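Please open the model in your viewer and keep the sequence panel beside it, since each stop below begins with something to select.

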Amino acid sequence: MAPPTEDCGWLLYLSLAAKCGDPHRLLGFAAVFVVACVVTSLLHWASPGGPAWGWYWWTRRAGLGIVRTAAIPGPRGLPVVGSMALMTGLAHRKLAAAAETQASRRRLMAFSLGETRVVVTADPDVARELLASAAFADRPVKESAYGLLFHRAIGFAPHGAYWRALRRVASAHLFSPRQIAASAAQRAVIARQMVDAMTVTTTTTAAPVVVARRFLKRASLHNVMWSVFGCRYDLLTADSEEAAELKALVDEGYDLLGQLNWSDHLPWLARFDLQKTRARCSALVPRVNRFVGDIIDEHRARHGLALGGDDTTAVMDFTDVLLSLQGDDKLSDADMIAVLWEMIFRGTDTVAVLIEWVLARLVLHQDVQSKVHDELDRVVGPGQAVTESDTASLMYLQAVIKEVLRLHPPGPLLSWARLATSDVHVGGHLVPAGTTAMVNMWAITHDPSVWPEPTEFRPERFIVMGPAAAAEDVVPIMGSDLRLAPFGSGRRSCPGKSLAVATVGFWVATLLHEFKWLPPSRGGGGVDLSEVLRLSCEMAAPLEARVVPRRDAV
Ligand code: HEM
């Protein structure tokens, strides 16, 4: 794109030509204008990384007289639109393939999404540099995130006092070890309901086949509704109107945030709203406001009663916590809605998506499943139900979950990108302010120089025998080791990671202790590991499995 001064110059020439009234001269100016645009586009496009990078280098060199430093290698894509195709479909795989073509691209690769400059790394050291840097503490806010008011919630709020206050409140009241331990009973109730609902399904239908996702998504949604709004449902009964509405809201929001919106990168397209992003956000927001606003009002009314002395024993959920904030931390209703809505939104699908991948791998690798069953029988006991405190002793199951996070990270590009707020050096290159930065965690976890035989499903790689095993957690997953950091790293890493790990570990242990998970057809096979990348990377075909009660059988 030409800088504003150039635009004004061309417009001035054209208007002068129009005023002088000579059609030939006007046509001549128009032709010169078109040729100049084409030449400028081609010059910009010719730079490594494509048009957005070309524009940056040309304007910097011409406008500011700054000598060009070594350009970051990367594909040029097409003139004007750049490499938009890389971000469609399975973007993590396409970006990994593009980085493979040149060794230096794996460390840092530049590409253009229309007018947006992007860098991506597939190298653990550069990833650490990038995620730990204070210059990358912001996120680029997409039109859909603005439209859905997420810039007022933790995930997209700019790095600063407001964001810090939100993280502090969430860490203290939702994600602290004490809170996670306190909500174990809730997860146990939902796990039991899930087992009962699966048992009912398999005993009332001719074939004992379950579509795992249906149960997992409802269970996750109910879990997060309970923590955040204090609402309780029963998985054995059909969804209430309220739960069905919330599910529809979450699905629509997921779809909007997960899609590649062309006008985020080609702002001149924004006025046309070709993908209907703005229209859909505008339709969704009043529904979310009504839904969450009603719940806040109910909590306020309850607070009033509690203050009047009628209900002092009420258990605090996250809505109560936000309502009780005072002074500088106090939130407006609009901000509160954004924060609560984001928690529901973030907490629901990620957990369900990960558990579905774990179950799929265990259906496919029956030998691994047998080892998990042996461990459960040894640690928990065949006649006992799993408790959440058992999961700390289930070392093999933990290794299975880590191996699934390695092979199928739910956020293969760490879900939400970062934005450079100042010029910064990363991986030996200058990354200018305003550049979007991504880490391709999927490429790192599939890199044979980082993980031997990376496509093999081998949980044993996380089990170290001997003294080293006791000394350290082999490859921690919470963000300190960038070889496997599915929850991100640095100041904007996932605040819900401990809660997610506790939930996934306990629910998988329960589902495995209660059932044998077998392929849907007796001939074996039938597990399709194809992926689809929305906001998370999910199984494209929902997992179907025959579940056979185990504890009666032993
Ligand atoms: C398997 C489950 C989960 C995975 C794989 C996951 C992954 C991630 C990733 C990769 C990020 C971006 C990190 C970065 O930029 O470095 C993130 C951010 C975030 N996650 Fe999670 N997440 C999970 C569960 C949860 C849960 C259960 C919650 C809350 C209930 C949650 C809330 C958030 C929030 C609020 C952010 C934005 C943080 C910020 O920008 O400051 N996540 N998550």
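Select helix 6 (residues 124–132) together with its surroundings in this predicted model: the buried residues of helix 6 pack against helix 5 (103–107), strand 2 (116–121), strand 5 (424–426), strand 7 (436–439) and helix 19 (441–445). Within helix 6 itself, the residues to display as buried are Val126, Ala127, Arg128, Leu130 and Leu131.

Next, zoom out to the whole chain, which is built with 21 helices and 11 strands, and in which buried residues make up 40% of the 554 residues. If you draw a contact map, counting contacts with a separation of 6 or more, you will find that 72% of them join residues 24 or more positions apart.

Now colour the largest nonpolar core, a set of 97 residues in which Met109, Val119, Ile355, Val358, Leu359, Val504 and Val508 have the most contacts inside the core. Helix 16 supplies the largest share of this core, with 11 residues. Apart from this core lies another one, of 37 residues, which includes Phe150, Ile154, Ile295 and Met336. Returning to Met109, select its contacts while leaving aside neighbours within four places in sequence, and the residues that remain are Ile72, Pro73, Gly74, Ala98, Ala99, Val119 and Val120.

Then move to helix 12 (residues 241–258) and display it with helix 16, which spans 333–364. How far apart are the axes of helix 12 and helix 16, and at what angle do these helices pack? The axes lie 10 Å apart, and the angle is about 85 degrees, which means that helix 12 is roughly perpendicular to helix 16. To see the contact, select Val250, Gly253 and Tyr254 on helix 12, and Ile344, Phe345, Thr348 and Asp349 on helix 16; by class, the residues of this contact are four nonpolar, two polar and one charged.

Finally, select the ligand and the 28 residues around it, of which Gly347, Thr350, Gly488, Cys494 and Gly496 come nearest. Two elements, helix 16 (333–364) and helix 21 (497–514), give two or more residues to the shell around the ligand, and helix 16 contributes the largest share of that shell, seven residues. Coloured by class, the shell shows 14 nonpolar, 10 polar and four charged residues. It is worth leaving helix 16 highlighted as you finish, since this helix has been met in the largest core, in the packing with helix 12 and in the shell around the ligand.

Conventions
Residues numbered from 1 in each chain as written. Predicted model: local features only at pLDDT ≥ 70, side-chain atom pairs only at ≥ 80, totals over all residues. Near = placed C-beta within 6 Å. Helix = DSSP H or I, 4+ residues; strand = E, 2+ residues; numbered from the N terminus. Nonpolar A, V, L, I, M, F, W, Y, C, P; charged D, E, K, R; others polar. Core = buried A, V, L, I, M, F, W, Y, C linked by C-beta atoms within 7 Å. Buried ≥ 20, exposed ≤ 12 C-beta atoms within 10 Å, placed from the backbone. Contact = placed C-beta atoms within 7 Å. Axes fitted to C-alpha atoms, helices over the stretch in contact; angles between N-to-C directions. Parallel < 35°, antiparallel > 145°, perpendicular 65-115°, else oblique.
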